[in-house]
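I opened the notebook to follow two topics, strand pairing and helix packing. The entries below record what I looked up.

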Amino acid sequence: MIKIQNASEVESSFFEGRDFGSSLDTVRDILKDVRENKDAALHKYSQKFDAACPDTFEISRKDLEKAAEKMKSENPDLYESLCYSRDLALKFARKQRECFTDFETEIESGVYTGQKNIPVDVAGVYVPAGRFPLVSTVVMTIMPAVAAGVKEIVLCTPPRKHPESEKLPYADENIMAAACLCGATRVFACGGAQAIGAMAFGTESVPKTDVIVGPGNKFVAEAKKMVYGTVGIDMVAGPTEVFVIADESADPVWVAADLLAQAEHDVVAQPVLATNSMDLARKVSEEIERQIEELSTKATARESINNFGRIIVCDSLEQAAEFANRKAPEHLELAIDEGEKRTRIESLVHNYGSLFIGHGAAEVFGDYAAGLNHTLPTSGSARFTGGLSVRVFLKTVTTLRTDNTKEGARKSAQAAGFLGDAEGLAAHARAARLRL
């Protein structure tokens, strides 16, 4: 049963990032092997860890298209939902792209400064396919890259047995279909830390990418952390979490459902409710017990609820907002009636991956089909970063152009000369003064 506690009982460790053990040595060895031995290393780890070990890695365009056609004919509801999710994600990402403007301005007479937003050449996307093959992650990782204008999008996902031959590369069919529908340029049946290494360093089969995005287990997360600098990454994500701020206006059935939606992801997922109503706290706890019995994912959800879930009874909603800011959750819901009270709490919270405002804005909409990206910061990292967006696939670079006949440009040259002298960099000073 979920723990109910008063705000004064919340331990300080609740607000700290969560650590579930290091895979440092294992991942370091895998990355070193992939860097040195390339495809041979990928075959070795595929044989060791994966459900299939094909002779090659790149899934044919024909197989991707067949997967999409099969989904359309056999599961049209999923096909249409996937296309709807894709279109909303692209629309939202294109709106984000519009916000990254190029400009040039005359900052001083004769000194023209500017910025340009340039997409990376090759983006790497990782899509997990363990207990829950995350077809929605294909949408969330590819569409911002498409909106950014990335020319080549490489997707890696764990292999599955090909229906015709074990020697041929294959993957989860829904992920293959989504990759086809969303515009992945090349798709590889390669998973785990070795896939991250392949996209970071390049192999005979898998091209080197400029940035790697997407979620994964602790080995994937550790690998992304280690290759950062060789490539860019979106973030290092941990177990999923939701923090709901609710008052007496909230429906306990809805709140319980939202908490369980996070709990079923992982045994270490963290569902949290903060409320100023003990009555709501008790009703939500009871409703969780009722709903959890109906879930096919009961075993996972039960472990998450019992070990990491909690309901915090606060003195006020303002205190709940303070706790949310300290926790910096991946998902933050405000289950409060529209009005002055909700507006005030919305103005107080500022540390979260995504904010869901009002009773109707279920967090699962953000997971699947509302345009928002579901790849979000966890374990407190929402204090300093946002989620996956067009920004990750863009380089914001600066430009300088001068007219040395104008006073501003001459002043810049003079100032640069004196600053070069002060730092003992004589060539700097000379290069500036020559412009005079």
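Before reading any partners I fixed the term: two strands pair if DSSP finds at least two bridges between them. I also kept in mind that this is a predicted model.

Entry on the strands. I began with strand 3, residues 111–119, and found that strand 2, residues 103–108, pairs with strand 3 in the antiparallel sense over 5 bridges. Looking up a single position in this pairing, I noted that E106 has Y112 of strand 3 as its bridge partner. I then turned to the hairpin that strand 2 and strand 3 form, where 2 residues lie between the strands and G110 takes a positive phi near 85°.

Which strand pairs with strand 3 over 9 bridges? I found that strand 14, residues 394–402, does so, again in the antiparallel sense. For one position there, I recorded K395 of strand 14 as the bridge partner of I118.

Entry on the helices. Two packed helices are described by the angle between their axes and the distance between the axes. I looked up both values for helix 5, residues 135–148, and helix 6, residues 173–182, and found that their axes come within 9 Å and cross at roughly 20°. Angles under 35 degrees count as roughly parallel, so I entered helix 5 as roughly parallel to helix 6. The crossing of the two, helix 5 and helix 6, is right-handed. On the helix 5 side I listed V135, V138, V139, I142, M143 and V146 as making the contact, and on the helix 6 side N174, I175, A178, A179 and C182. Sorting the residues of this contact, I wrote down 10 nonpolar, 1 polar and no charged.

How values were computed
Residues numbered from 1 in each chain as written. Predicted model: local features only at pLDDT ≥ 70, side-chain atom pairs only at ≥ 80, totals over all residues. Heavy atoms only, no water. Helix = DSSP H or I, 4+ residues; strand = E, 2+ residues; numbered from the N terminus. Axes fitted to C-alpha atoms, helices over the stretch in contact; angles between N-to-C directions. Parallel < 35°, antiparallel > 145°, perpendicular 65-115°, else oblique. Left-handed = near helix turned anticlockwise from the far one by under 90°. Contact = heavy atoms within 4.5 Å. Nonpolar A, V, L, I, M, F, W, Y, C, P; charged D, E, K, R; others polar.
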